Amino acid sequence: MTSFFVSKCGPLRGKVAINGAKNSVLPIMAASLLSDGISTLGDVPLLEDVKVMCELLGHFGSSLRMEGKRLQIDNSRIQPAPAPYDLVRKMRASFLIMGPLLSRFGNVKISLPGGCAIGTRPIDLHLKGLAVMGADITLGHGYIEASADKLTGDRVYLDFPSVGATENLIMAAALADGLTTIENAAEEPEIIDLANFINSMGGHVRGAGTDTIKVEGVRQLSGCNHTIIPDRIEAGTLMVAAAITGGDIILTNVISDHLRPVEAKLKEAGIQIDSVEEGIRVYKNGSLHTLDLKTLPYPGFPTDMQAQMMAFMCTLPGTSMITETVFENRFMHASELKRLGAKIRIEGRSAVVEGVDRLQGAQVKATDLRAGAALLLAGMVAEGSTEIVDIHHIDRGYENIEEKLRSLGADIIRHEY
Ligand code: UD1
């Protein structure tokens, strides 16, 4: 078992660089399966989820080589094989191999996905879209099998702008016959990164970043070089770290446009955020205020920053409120924050957070990735010491987060039992 011991620290100060985005690199690794060439990815974060995706690609015969932050994927010897439960259950994003494998080989069999316990997280939209494109889909014994002699482009309307479904359908459409139009598509920056990657492979994806994406299928794609965009959620988490400790930090390797929703809410709470030559400066300068926020698909406030903002709200004077509209069960961190002395009331999809004068260290559990990040943030301002257990969830999405925070002045120790 591995835990973090977090002691109360002073205001964070200094400069850190943001890693490549977890939610970009995973679909892009899956998309590499669309070609039998060699793709090289730059700025790949060294995360547990990336390791799982490497294992999964290795299972199909990809040969992977990591040098520093560069990942080379050679797909010349791919053989489609059923994706087993023990790999797929570790990470929901494993399901992203469905679109590319189906599109390239005409058949794919994959165990039903696992991942963070933040709701039921169905995959109906992925399957509905693939069926519209001509896939024959069967479910049985915990596996989904999809087959199609040749996927055919069509018009697919998503009932909800699901990130994963949009990505799976773009990948499926990349080698399909004719034009696929995805309506009510997700608009997240990671979708644009995926589209840019596929276009560098020789694909034809237009409109990524808007709600209508058009993919003209091509006969063949080749390997390419691509650099992953910076992780807006890692950046947002560090922005909250500066805010909650009353610090003053500079983040480099950021795309500020992707941070607009987080920036807007932190500014509303009284945090200063300036564009500087190297990136952005986040600092406290004056009094803080309560805030209300609602999570929404991009460009709304990201659900992946909700838990971290809740930790921050616990320290604001007065009552703040969060409405979670993306996932139906994403408040598990509230009961852990309460163990640190937070005052939070959950009412359906809303959380009412009453600021407290001080949080107190205790033993708490990371129930999912971002919940773990929220506990790290709260631990940095709680009196005494906080032990966070089950930190494998945190390692799924943050590379050496404790080192990064320590370089800014935090007091965090990783402890292996
Ligand atoms: C991705 C991100 C995750 C983020 C989420 C929302 C990756 C690897 N993960 O997850 O970090 O929290 O977007 O921004 O990129 N839904 C359905 N049916 C479906 C698919 C989704 O009902 O077929 C629902 C889900 O249950 C959820 C909502 O749609 O309530 C959003 O899910 P989705 O956008 O698909 O998230 P993921 O792609 O799983």
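1. Two helices stand out in the ligand shell of this predicted model: α5 (124-132) and α6 (163-174) each provide at least two of its residues. Of these, α5 gives three residues, the largest share of the shell.

2. Zooming out to domains, at least three shell residues come from domain 1 (2-19 + 231-416), and at least three come from domain 2 (22-227).

3. You may like the make-up of the shell: 18 residues surround the ligand, and those coming nearest are Asp-124, Leu-125, Ser-162, Asp-304 and Val-326. Sorted by class, the shell holds eight nonpolar, five polar and five charged residues.

4. For the polar contacts, have a look at the oxygen atoms of the ligand. A polar backbone atom of Val-326 is 2.5 Å from a ligand oxygen. An N or O atom in the side chain of Asp-304 lies 2.6 Å from a ligand oxygen, and a polar side-chain atom of Arg-92 is 2.9 Å from a ligand oxygen. The ligand taken alone exposes 730 Å², and the protein buries 86% of that.

5. Next, a residue worth a visit: Ser-320, in strand β18 (residues 319-324). Is Ser-320 buried or exposed? Ser-320 counts as buried because its relative accessibility is 1%, and the cut-off for buried is under 20%.

6. What does the side chain of Ser-320 have as a polar partner? One of its polar atoms lies 3.2 Å from the backbone nitrogen of Leu-291. Beyond neighbours within four places in sequence, Ser-320 is in contact with Thr-290, Leu-291, Asp-292, Met-313, Ala-351, Val-352 and Val-353.

Methods: Residues are numbered from 1 along each chain as its sequence is written. This is a predicted model: local features need pLDDT of at least 70, side-chain atom pairs count only at pLDDT 80 or more; totals for chains, interfaces and linings use all residues. Side-chain values use heavy atoms; hydrogens and water are left out. A residue is near a molecule or strand if one of its heavy atoms lies within 4 Å of it. A polar contact is a pair of N or O atoms within 3.5 Å; within protein, one must be able to donate a hydrogen and the other to accept it, and residues adjacent in sequence count only if both atoms are side-chain atoms. Accessible areas come from the Shrake-Rupley method with a 1.4 Å probe; for residues, only the protein chains shown count as cover. Helices (H or I, at least four residues) and strands (E, at least two) are DSSP runs, numbered from the N terminus. Ala, Val, Leu, Ile, Met, Phe, Trp, Tyr, Cys and Pro count as nonpolar, Asp, Glu, Lys and Arg as charged, and the others, Gly among them, as polar. Domain bounds come from an automatic or database domain assignment. Buried means under 20% relative accessible area, exposed over 50%, partly exposed in between (1.4 Å probe, protein chains only). Contact means heavy atoms within 4.5 Å.
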